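Work through the exercises below with the sequence and the model open beside you. Each task is followed by a solution that goes step by step.

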Amino acid sequence: MRNTELIFIPTPTVGHLVPFLELARRLIDQDDRIRITVLVMKLQGQSHLDTYVNSIGPSLPFVRFIDVPELEDNPTLGSTQSAEAFVYDFTERNIPLVRNIVMSILSSPELDGVKVKGIVADFFCLPMVDVVKDVNLPFYVFLTTSSGFLAMLQYLADRQSKDTSVFVRDSGEMLSIPGFVNPVPVNVLPTALFMEDGYDAYVKLAMLFPKANGILLNSSVDIEPYSVNRFSSEKSYPSVYAVGPIFNPKAQPHPDQDLGVRDELMKWLDEQPEASVVFLCFGSMGRLKGPLVKEIAHGLELCRHRFIWSLRTEEDDDSLPEGFLDRVKGRGMVCGWSPQVEILDHKAVGGFVSHCGWNSIVESLWFGVPIVTWPMYAEQQLNAFLLVKELKLAVELKLDYRVRRDEVVSGNEIDAAIRCVMNKDGSLVRKRVMDISQMVRRATLNGGSSYLATEKFLQDVIGVKP
Ligand SMILES: O=c1ccn([C@@H]2O[C@H](COP(=O)(O)OP(=O)(O)O[C@H]3O[C@H](CO)[C@@H](O)[C@H](O)[C@H]3O)[C@@H](O)[C@H]2O)c(=O)[nH]1
């Protein structure tokens with residue numbers, strides 16, 4: 001009998017909502033006592049998520065969705081310096097609406113015999129922690145990024161008691177962050193930490209973490225052994241459950257995706273030799289400007305490798321150099337929104353130039369495709385540092401690139417990094433990524449580390465199965 005309910009509160013963007021729904025699937029599959037209600041907040045510019053929810057809903061039995069009414073004064077990106085401050089503001093404004101829904105769920109006659117045992121919220125939703133403490137519900141965070149990022153936030157909360165100033169990107173400072181083996185250069189911290197309002201938002205979130213009853217991570221002890229093990233032995237911090245990798249193995253529908261092009265891409269891939277194609281994709285929000293598009297095109301012409309390039313630009317046109325598509329005909333494909341997981345899963349794909357969003361990282365590790373790091377925004381610079389310097393799981397193109405600064409990366413640099421990742425002979429990174437791929441697949445099976453971490457979470461929330 002499914003008589004235990006959890007309420008999920010994701011941040012409504014692709015990079016956060018998708019892993020939340022896959023976590024829901026994992027919990028439902030692993031424990032037949034669980035059912036889940038997902039509260040879907042409405043963020044401007046994210047209406048395509050409704051399409052996603054509608055398409056995935058039928059494959060998630062025992063999961064129901066409740067729309068949180070759209071805010072009357074929905075903030076717009078650009079009203080703050082940093083995107084993080086914007087999301088923080090959005091979350092805070094949603095608190096009264098979420099509170100009303102949680103209250104009505106708790107008093108609903110539909111709950112007959114079913115007990116709500118906790119909230120699982122995104123880390124941006126930590127300001128909601130007091131709402132649920134009011135009604136005596138445990139509050140868990142599902143962090144959709146790395147253990148390294150959590151270590152950085154813990155360090156930030158600690159630092160705040162001694163130093164309240166924003167970080168200075170070009171100061172050359174090296175930080176000793178517990179959970180990292182190497183000193184962390186300040187210039188790989190999230191951009192928000194160099195801005196007053198972003199710093200403020202991050203500090204508030206970092207200081208709220210200890211109020212949570214536990215933290216689920218979309219990572220595993222196989223991917224980040226040092227950091228995850230350190231959290232496991234931390235007594236004065238909430239319990240950490242490394243339940244990853246969690247991702248949707250089916251390509252996500254998106255309004256920008258052309259299904260005809262998708263079929264063409266997959267057919268073309270079927271005809272290419274094993275591990276011969278490099279895939280370039282910069283996440284759900286990665287739109288490039290003309291000059292950068294031209295350098296990437298130049299790099300792809302120089303390197304002569306086969307490629308698929310998921311290109312979305314800030315301009316109305318594709319900004320490609322004249323004649324580029326003719327010159328690479330047969331060797332390369334350019335598309336808009338791509339079926340990323342299907343591409344990474346294809347044996348013809350041998351390398352991935354990525355913006356280092358955490359979902360892209362776990363997907364590439366799962367499929368054993370080594371990454372070339374090209375971080376763009378959010379916490380991606382820290383993820384790139386983690387992959388290259390801490391874990392030796394990627395080839396470095398850039399660690400501290402920021403798309404908002406309009407720096408240009410030269411075609412020659414792009415060419416060199418692609419050649420490096422596609423070099424099959426004696427590549428240590430490729431071997432390590434293939435090993436991790438095997439390990440993380442085992443980790444999610446019955447008895448594996450991620451499976452057991454999920455079981456431990458379920459036991460802590462609803463008790464041991466009778
Ligand atoms: O053409 C595309 C582009 C993206 N994706 C999918 O979209 C997701 C993108 O997620 P991610 O790689 O994490 O990037 P973002 O969308 O940028 O994710 C945000 O959320 C992540 C998780 O918290 C953070 O790590 C990132 O820095 C933050 O930007 C992945 O599942 C991709 O497979 C596609 O299927 N096709």
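Helices (H or I, at least four residues) and strands (E, at least two) are taken here as DSSP runs, numbered from the N terminus. The model is a predicted one, in which local features need pLDDT of at least 70 and side-chain atom pairs count only at pLDDT 80 or more, while totals for chains, interfaces and linings use all residues. Residues are numbered from 1 along each chain as its sequence is written, and side-chain values use heavy atoms, with hydrogens and water left out.

**Exercise 1. Backbone geometry**

Task: Find where P245 is placed and describe the peptide bond from G244 to P245.

Solution: Begin with the general expectation, which is that most residues other than glycine have a negative phi and most peptide bonds are trans. P245 has its place in the loop between β9 (239-242) and α8 (259-270). The peptide bond that leads from G244 to P245 is cis, with omega near 0 degrees.

Task: For F62 and C356, state the sign of phi, and decide whether F62 and C356 count as buried, partly exposed or exposed.

Solution: Take F62 to begin with, which is in the loop between α2 (48-56) and β3 (63-67) and has a positive phi of about 70 degrees although it is not a glycine. For accessibility, buried means under 20% relative accessible area, exposed over 50%, and partly exposed in between (1.4 Å probe, protein chains only). F62 has 46% relative accessibility and therefore counts as partly exposed. Next, C356 is found in the loop between β13 (349-354) and α12 (358-367), and its phi is near 70 degrees, a positive value in a residue other than glycine. C356 counts as buried because its relative accessibility is 0%.

**Exercise 2. The surroundings of the ligand**

Task: Describe the shell around the ligand by its closest residues, by class and by the helices that supply it.

Solution: A residue is counted as near the ligand if one of its heavy atoms lies within 4 Å of it. There are 23 residues that surround the ligand, and the closest are S284, S338, S360, E363 and E379. For the classes, Ala, Val, Leu, Ile, Met, Phe, Trp, Tyr, Cys and Pro count as nonpolar, Asp, Glu, Lys and Arg as charged, and the others, Gly among them, as polar. On that basis the shell has seven nonpolar, 14 polar and two charged residues. Helices α1 (14-30) and α12 each supply at least two residues of the shell, and the largest share, four residues, comes from α12.

Task: Which side chains place an N or O atom at 3.5 Å, 3.4 Å and 2.8 Å from an oxygen atom of the ligand?

Solution: A polar contact is a pair of N or O atoms within 3.5 Å; within protein, one must be able to donate a hydrogen and the other to accept it, and residues adjacent in sequence count only if both atoms are side-chain atoms. The side chain of H16 has an N or O atom 3.5 Å from an oxygen atom of the ligand, the side chain of S310 has one at 3.4 Å, and the side chain of N359 has one at 2.8 Å. The protein covers 97% of the 690 Å² of accessible area that the ligand has on its own, an area that comes from the Shrake-Rupley method with a 1.4 Å probe (for residues, only the protein chains shown count as cover).

**Exercise 3. Helix α12**

Task: How many residues of α12 are buried, and which elements do they pack against?

Solution: Counting along the helix shows that 10 of its 10 residues are buried, among them W358, N359, S360 and E363. Contact means heavy atoms within 4.5 Å, and the buried residues of α12 pack against α1, α11 (340-344), β13, β14 (371-373), α13 (380-390) and α15 (428-443). After α12 comes G368, whose phi is positive, near 70 degrees.

**Exercise 4. N94**

Task: Locate N94 and list what it touches.

Solution: N94 lies in helix α3 and counts as buried because its relative accessibility is 1%. Leaving aside residues up to four places away in sequence, N94 touches M41, V68, L71 and M128. A polar atom of the N94 side chain lies 2.9 Å from the backbone oxygen of F90.
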